[in-house]
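Here's a set of exercises to work through with the model open beside you. Try each task yourself before reading on to the solution.

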Amino acid sequence: MKKLMGLWLALALLLGAAACAETVNAKDEAVLNIFSWEGYIDYETVLKPFEAETGIKVNYATFASNEEMYEKLAAANGGDYDIILASDYMLDKTRSDGLMQKFDTSIVTNYGNLNPDFTHQFFDPENEYVVPYVSGIPLIVYDPNAVDIEIKGFNDLWDPSLADSLGLIDDARVTIGMVLLSMGESMNTTDDAVLAEAAAKLDALRDNIHVLEYENLHNYLISGDVAVAYTFTPFVALALEANPDLAVVWPEEGLGFGIDGCFIPVNAPHAKNANIFLEYLLRPEVAAVCAEWQYYCSPNAAAQDVLADWYKDNIVFSGIYDRMDGTEYVLSLSSEDEQKFQDIWTKFKLSL
């Protein structure tokens with residue numbers, strides 16, 4: 001009898017342990033680990049409602065650069081994270097290196113909400129891996145009352161009358177890319193002779209530069225510290241919002257362009273939850289909130305009907321859609337070619 005009771009007790013303990021394990025696993029499964037830049041997805045307006053609707057707890061980890069993201073993802077062999085939000089050129093590298101998995105179309109049923117101009121891109125030609133989140137075009141914005149010339153494009157930035165009055169993006173690929181566009185060249189050229197010419201032209205711009213800043217150049221413009229800025233979409237929009245008399249320039253020599261998008265790493269621990277989140281992001285009302293929060297352009301066509309009037313009235317957000325032709329991405333280059341840009345930039349910054 002004792003032996004029988006012992007067997008029943010052992011069985012009960014095993015069943016209890018199994019039930020406990022199932023509970024723990026179920027609890028662990030109700031988790032979503034997101035990896036992106038700090039504040040790039042708002043908790044109060046986007047993540048908190050997702051948690052309330054699904055019961056899935058969101059953990060949000062941050063990186064400082066696309067390169068840092070890639071290093072950590074590669075080190076984890078495509079694991080640790082469930083959703084990663086990164087830039088187009090790094091999306092391309094990550095997919096090419098086999099660190100993404102396809103999203104589940106039985107869950108992500110609303111991919112068609114996206115504007116077709118933002119799909120079938122080089123980083124995901126078959127629309128299988130990436131959900132575009134926001135997009136933008138770096139633009140020139142300036143105070144017409146503080147300059148003596150009309151600025152129509154990049155080449156006007158070299159005008160001597162703009163001495164010590166420019167704010168430019170502190171980024172090798174973006175700003176050297178601007179110089180290359182001003183020369184009629186591709187932002188992604190790796191030709192040594194062309195890059196040497198670009199380095200010389202960049203050096204000739206030195207006297208006109210007041211500040212190099214990756215973000216928040218609009219503050220310098222609003223305060224009057226600079227008269228002209230070449231900066232990212234959100235900061236152009238913020239400057240224009242603070243001072244509607246500022247002029248926005250869509251440079252005549254061409255436009256750089258970028259898309260940030262979400263993907264599921266190949267060994268994501270909670271892939272189903274990640275797919276549920278992608279479906280959530282593609283809803284028109286959620287996509288609208290994300291674009292309004294980030295001050296970027298929305299690639300979600302269905303969101304256009306629910307975007308706020310203040311957003312749609314800002315030319316920086318609405319002007320992108322009829323200017324897609326002829327825009328150029330910053331592409332991922334080999335480490336050797338990337339270093340060419342970084343060497344030019346480092347030398348230039350040391351000369352300021």
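**Exercise 1. Start at one strand pair and build up the sheet around it.**

Task: Which residue stands opposite Leu-139, and in which strand does that partner sit?

Solution, step by step:

- Look across from Leu-139 and you land on Thr-231, in β9. Keep in mind that this is a predicted model.
- Now widen the view to the two strands: β6 and β9 are antiparallel partners, with four bridges between them.
- β6 has another neighbour, β10, to which three bridges join it, again antiparallel. Here Tyr-142 is the residue facing Ala-247 of β10.
- Next, go to β7 (residues 166-168), which pairs with β8 in the parallel sense over three bridges. Leu-166 stands opposite Ile-209 of β8.
- Put the pieces together and you get an open sheet of five strands, ordered β8-β7-β9-β6-β10, with mixed pairing. The edges are β8 (209-212) and β10 (247-249), each of them paired on one side only. Ignoring direction, neighbouring strands in this sheet are turned against each other by 20° on average.

**Exercise 2. Check the two faces of β6.**

Task: Which residues of β6 are buried on one side, and which on the other?

Solution, step by step:

- Start from the general pattern: side chains in a regular strand alternate between the two faces of the sheet.
- In β6, Leu-139 and Val-141 go to one side, while Ile-140 and Tyr-142 go to the other.
- Buried means under 20% relative accessible area. All four of those β6 residues are buried, and both faces of the strand are covered.
- What lies across this strand? Helix α8 (residues 233-242) does, and it also lies across β9 (228-231) and β10, running at about 145° to β9.

**Exercise 3. Compare two helix pairs.**

Task: At what angle do α3 and α4 cross, and what is the handedness of the crossing? Then do α6 and α13.

Solution, step by step:

- Take α3 (residues 66-75) and α4 (residues 88-96) to begin with: their axes come within 10 Å and cross at roughly 20°. Angles under 35 degrees count as roughly parallel, and α3 and α4 are therefore roughly parallel to each other.
- The handedness of this crossing is right-handed.
- For the contact, α3 brings Asn-66, Glu-67, Met-69, Tyr-70 and Leu-73, and these meet Tyr-89, Met-90, Lys-93 and Thr-94 of α4. Sorted by type, the residues of this contact are five nonpolar, two polar and two charged.
- Over to α6 (residues 192-204) and α13 (residues 335-351): the axes come within 11 Å, with a crossing of roughly 20°. That makes these two helices, α6 and α13, roughly parallel as well.
- The α6 and α13 crossing is right-handed. On the α6 side the contact uses Asp-192, Leu-195, Ala-199, Leu-202 and Asp-203, and on the α13 side Lys-340, Phe-341, Ile-344, Trp-345, Phe-348 and Ser-351. By type, that contact holds seven nonpolar residues, one polar and three charged.

**Exercise 4. Track down the covered helices.**

Task: How many residues of α5 are buried, and what do they pack against?

Solution, step by step:

- Count along α5 (residues 172-182): eleven of its eleven residues are buried. Arg-173, Thr-175 and Ser-182 are among them.
- Their packing partners are β7, α6, β9, β11 (255-265), β12 (327-329) and α13.
- Now try α9 (residues 271-281): nine of its eleven residues are buried, so the rest of the structure largely encloses this helix. The buried ones include Asn-273, Asn-275 and Glu-279.
- For the backdrop, buried residues make up 51% of the chain's 352 residues.

**Exercise 5. Place Ile-315.**

Task: Is Ile-315 buried, exposed or partly exposed, and which residues does Ile-315 touch?

Solution, step by step:

- Find Ile-315 in α12 (residues 315-318).
- With a relative accessible area of 38%, Ile-315 is partly exposed.
- Leaving out residues up to four places away in sequence, Ile-315 touches Leu-240 and Trp-250.
- Finish with a distance: Val-248 is 67 residues from Ile-315 in sequence, and their C-alpha atoms are 8.5 Å apart.

Note on methods:
Residues are numbered from 1 along each chain as its sequence is written. This is a predicted model: local features need pLDDT of at least 70, side-chain atom pairs count only at pLDDT 80 or more; totals for chains, interfaces and linings use all residues. Side-chain values use heavy atoms; hydrogens and water are left out. Axes are lines fitted to C-alpha atoms, for helices over the stretch in contact, and angles run from 0 to 180 degrees between N-to-C directions. Angles under 35 degrees count as roughly parallel, over 145 as roughly antiparallel, 65 to 115 as roughly perpendicular and the rest as oblique. A crossing is left-handed if the near helix is turned anticlockwise from the far one by less than a right angle, and right-handed if clockwise. Contact means heavy atoms within 4.5 Å. Ala, Val, Leu, Ile, Met, Phe, Trp, Tyr, Cys and Pro count as nonpolar, Asp, Glu, Lys and Arg as charged, and the others, Gly among them, as polar. Two strands pair if DSSP finds at least two bridges between them. Buried means under 20% relative accessible area, exposed over 50%, partly exposed in between (1.4 Å probe, protein chains only).
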